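Here are a few short exercises to work through with the model open beside you. Try each task yourself before reading its solution.

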Amino acid sequence: MTSSYDSPARAEGHGIPLRSAGPGRSRASGLKRRHLRAHGVVVAWAALALVAATAQQSLPVARWLAIHLFLLGAVTTAIVVWSEHFAVALLHARVPDERWSDARLAGVNVAVLGVLVGVWAQWPLLTGAACALLVVAVAAHLVVLVRMGRGALGGRLAPAVGYYRAAAVALIVAAVLGWLLATGRTGADGYAGVWLAHLHVTLLGWIGLPVLGTLFMLWPTVLGVRMAEHTTRIAPRVLALTGGGLLAAVAALALGLRWVAVAGVAVYAAGVAVALELFARTLRRRRPVSAAAAWMLGVAAGWLFAGVVVDLGTLAGGPLDRAQEGVGSLVPVLLIGFVAQVLIGALTYLLPVVLARGPKERAVLRAVLERGWVVRLVVLDVGVALVVLPLDEPAATTGMVLAGVAATAFLALAVSVLARRDGEGGAARRPMLFGTTAGVVVTVLAVLLANSGGDTKGTPAAVGSGTAATTRTVDVTLTGMRVRPSRIEVSAGTALRLKVTNKDAQRHDLKVDGGPGTPLLARGGSHVLDVGTVTENLEAWCTLSGHRAAGMTLDIVVRDGASGHPDGHSALADSGGPDHSAPFSTGWRARDAALAPAPGGTVHKVELHAAHTEAEVAPGVKQQLWTFGGTAPGPTLHGRIGDVFEVTLVNDDHGMGHGIDFHAGSLAPDRPMRTIQPGERLVYRFRAERVGAWLYHCSTAPMLQHMGNGMYGAVIIDPPGLRKVDHEYALVSSELYLGTPGSAAQVAKMRQDTPDAWAFNGVAAQYAKQPLKVKAGERARFWVVAAGPSDGIAFHIVGTVFDTVYKEGAYLLKPGDPGGAQVLDLAPAQGGFVETAFPQAGHYSFVDHDMRHAEAGAHGVVEVTK
C-alpha cells in the first residue's frame, strides 16, 4: 500500500506506512501477483454469496450460506492476506516465505469450502474435518504473526499487529463453536449460549479487532495529522480491554453465565470508548485531507460503540434464549454501520492515493469519489438506524434498501474512478481494487439477507395437492429448538397440511423431506405447508445450520390402521401442549418418588414456605409455580395414627396471601386455615386420628388457581400392622396449566378443565425419562393421591395385577383374596395405595387409564431388572 506522503518516515509519522520492507523489486512484483490472486478468490467468494442470497426460498440453508460465503470465505481470505502484509510493514519484518504463505491461504480456503459443503449436505464428518483444518491453518497464520515480532525492528505502529494476532485467536474459537453448533453437540439447552458466543467472537473478535487496530493508523492519515504521541501506549491498553472483555464474554456465553458475559461486554465497550476518546483528541481545527473519509470513519467507529452498548443492554435484559433476537441486531450495525462504512471511508481516501500520478490527479479523483458524500452518508446511516430501532418490518426493509442504495452509489463512483486510470499498471490494479469495492455491496446484500424475509403472518393455506377423502390440518409450533409436536401419526392416504408457527426468539423454517418448505419465519410468523397425500413415513426439519442436529425434527408416521396404545408410549399427535418425547434440560433430575419411612417420635415439626418457584414441569417446558416448600407437590408428610403434626406456614410470597388446609386433621378451620399475608407466619397443629392417604392444599380463594398452580401435597398415615414391602412409592396426580399464573388465559383453561398436561408428582412424563427401579420378584407399594384440582385418576400398571387395594381408609382387596384389581380409581382429593410383585425383568408402564391423561403426560415406567 502506498501513501500520499513523500517519504517513508513522514508517512509512518502520520499513520499508514509507505511500503513493506522487501528484498527488491522482484519480491515486490511477486507480492503484487499474490495479492491479485487472493483478491480473485475474494471476488469468487463474494459472487457465490450473491448467488446464495438470491436463492433463499429454494436452496436449503441459503441464508446461512450467503452470510458464511461472505464472512468465512471472502472476509477471512482478505483478513489473512492483509494482516500478514500489514504486519510485515508495521514491524519492518522480513516477508514470509511465499510458498508457505500460499499453503496457509490454500488451507484456509479448502477448510472454508469443506465447512460450507459439510453443513449444506449435512455431512458431520466433513464439517468436523474442515473445522479442524481451519483451526490448523489459522493457527499457522498466528504463529507467523508472532514470529515476525521476534527480532523485527518494529515501529510506532507495531502495537496494531497485536490486534491481528488476537483476531486469529478469535477465528480459531469461532471455528470450534461453529463446529459445535453445526453438529448439534450443544443440545437444545446449550444452543442459545453457544450461538451467542459464536456471534460475538466472530463479529467483535475476528472482524472487529483488526478493523479497530487498523483505525489507529488510518484515522490520523485521513485527517492529515501526525499520530498522537501516546498512541503506542493506548493501543495495547485498548487491546487488553477489548480482547480480555471479549474472552470473558465468549466463555461466559458458552457456559450460560449471563452476568459474567454482561461484564465482559462492558469491558469490551470500555476499550472501544478509550479508542474513541483518542480518535477525538486527534481531531484538529484544520480541514482534513478527505472530509468524506473522515466523517465515514468517525461515524463507523460510533456505530461500533453503539452496537456494543445495545448488545450490553440486550444481554442484561433477560435470559440468553430470549436475547438471541435482540443481539441479532448487531449484524446490521457492525457489518453495515461499522465494517462497510469503514471500507467506504478507507477507499474514498486510498483509491486516489493508489491510482493518481500526482497531487493534481489525486485531487480530481478524490473529488469524484466525494460527490454527494453528505447525502450518501446520511442515507446509509439513516438506513442502519431504521434497521436497528424497534420499528415495524416495513421500516427495517426500507432501512436495508437505503443502505444498499448508498453502498451501490459509492460502487458506481469507484468504478468510474477505476475507468479513468488507464496508464501503466492501471489494468493490473483494477481486479484487486474492484474486488475490494464490490465487497462493500456484497456486505450489504449479505446483511439484507440475514435480516430479511420469509416472514408471513396469516398466510393463506395452499390448495391441497392430495386427492384423498380425508384432509387433516395440524398446528405445528417451532420453539425452544424443538418442533412441537415432534411426531404426527396419520392414516395412509391422508392429505396433510401443517400450519407452522414460530414462537421462538430466533428465526426458523421447516422443510419436509422431498416436499415443500416454509420461508424463514421470524417470531410470530406462520405459514401453511401443503404436504400432500401421505403414503409413507416422512421427516421434516429446520434447515438452519445445526438446528436439525440439535433436535428440531418432526416425524410424520403412517400408521397401519390400529391406534397406538398409550401403555406402549405412543406419542401425542396433534396436541398443542408439551412434547413429552423431547428431552429434559441438561442436569434435570426427576423427583424422588420413594416414600421415606415415617420418622420416630410422635410429634413432627415441619416448616413450609409459600413462595413462587420456576420449575421444569414437562420436557423442556419451564413454568412459574406457587409452591409449598419450593416444590409442586409440596413435601410428603409421613406418620402413624396418633402422631401430632405441628406445621409452621411462612408466607414468603411478596404478591399475595396464602393459607393451608390439611385433610388429615379434624379441627375448626377458622384460625389454622386463615389466609396470612406476605411476611406473616402461622402454626397449624393437628393430630392424625385416622389412617389413609390425605391431600393438603392452599386454603385461600380462589382455590382453583392456587391448587392449579402447584399449592398441594400429600400426608400419608400408615394403617396399623402395615406389612413391610421392598419398595414404597408416593405418587400425587395433578393437572398442569401452562401460562402466566392467574392470567385470564390460564384461568379460562382451569374453569373449562382443559389442562395442557397431566402429571405424577408435578412433572409430566418424568418417570418415563427416569424410571422407577425394582428387581424381579420384589414387592412394591404405590401410594396415590389425586390432587386435581378437577380430575381424578384410574391408576394402572401394565403387565401386573394388584393383589392389595386400599382406598379412603379401608381395604378393598387383601393378599390371599381370590380376586385381583386392575386400577385404583380415585376422585379429586381421594387417596389410597395398591401393592403388586413384578414377576420378571422388563419395563412396566404405569398410567392414568383415562387415555387423554396418559397420552398427555400421566405415564411412567417401572424398570424391573433380574
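**Exercise 1. Find the element that holds Pro 633, then describe the peptide bond before it.**

Start with the location: Pro 633 sits in the loop between strand 10 (621-628) and strand 11 (637-640). Helices (H or I, at least four residues) and strands (E, at least two) are DSSP runs, numbered from the N terminus. Next, look at the bond: Ala 632 and Pro 633 are joined by a cis peptide bond, with omega about 0°.

Before you go on, keep in mind that this is a predicted model: local features need pLDDT of at least 70, side-chain atom pairs count only at pLDDT 80 or more, and totals for chains, interfaces and linings use all residues. Residues are numbered from 1 along each chain as its sequence is written, and side-chain values use heavy atoms, with hydrogens and water left out.

**Exercise 2. Work out what surrounds Thr 700.**

Step one is the address: Thr 700 is in the loop between strand 15 (692-697) and helix 17 (703-708). Pro 702 lies in the loop between strand 15 and helix 17 too, and a cis peptide bond links Ala 701 to Pro 702, with omega about -5°.

Step two: is Thr 700 buried or exposed? Its relative accessibility is 8%, so Thr 700 counts as buried (buried means under 20% relative accessible area, exposed over 50%, partly exposed in between, with a 1.4 Å probe and protein chains only).

Step three is the neighbours. Setting aside residues up to four places away in sequence, Thr 700 touches Gly 657, His 658, Gly 659, Thr 675 and His 706; contact means heavy atoms within 4.5 Å. The side chain of Thr 700 also reaches the backbone nitrogen of Gly 659 at 2.9 Å.

**Exercise 3. Describe how helix 6 packs with helix 8.**

First, the geometry: helix 6 (residues 160-182) and helix 8 (residues 231-255) pack at about 10°, and their axes are 10 Å apart. Axes are lines fitted to C-alpha atoms, for helices over the stretch in contact, and angles run from 0 to 180 degrees between N-to-C directions. Helix 6 and helix 8 are therefore roughly parallel to each other (angles under 35 degrees count as roughly parallel, over 145 as roughly antiparallel, 65 to 115 as roughly perpendicular and the rest as oblique).

Now list who meets whom: Gly 162, Tyr 163, Ala 166, Val 173 and Leu 177 from helix 6 meet Ala 235, Val 238, Leu 239 and Val 250 from helix 8. Sorted by class, this contact has eight nonpolar residues, one polar and no charged ones. Ala, Val, Leu, Ile, Met, Phe, Trp, Tyr, Cys and Pro count as nonpolar, Asp, Glu, Lys and Arg as charged, and the others, Gly among them, as polar.

**Exercise 4. Look up phi and burial for Ala 765 and Glu 808.**

Take Ala 765: phi is near 65°, a positive value in a residue other than glycine. Ala 765 lies in the loop between strand 18 (757-760) and helix 19 (766-769) and is buried, with a relative accessible area of 1%.

Then Glu 808: phi is near 50°, again positive in a residue other than glycine. Glu 808 lies in the loop between strand 22 (804-807) and strand 23 (810-813), and is partly exposed at 44% relative accessible area.

Terms used:
Polar contact = N/O pair within 3.5 Å; in protein donor to acceptor, adjacent residues only side chain to side chain.
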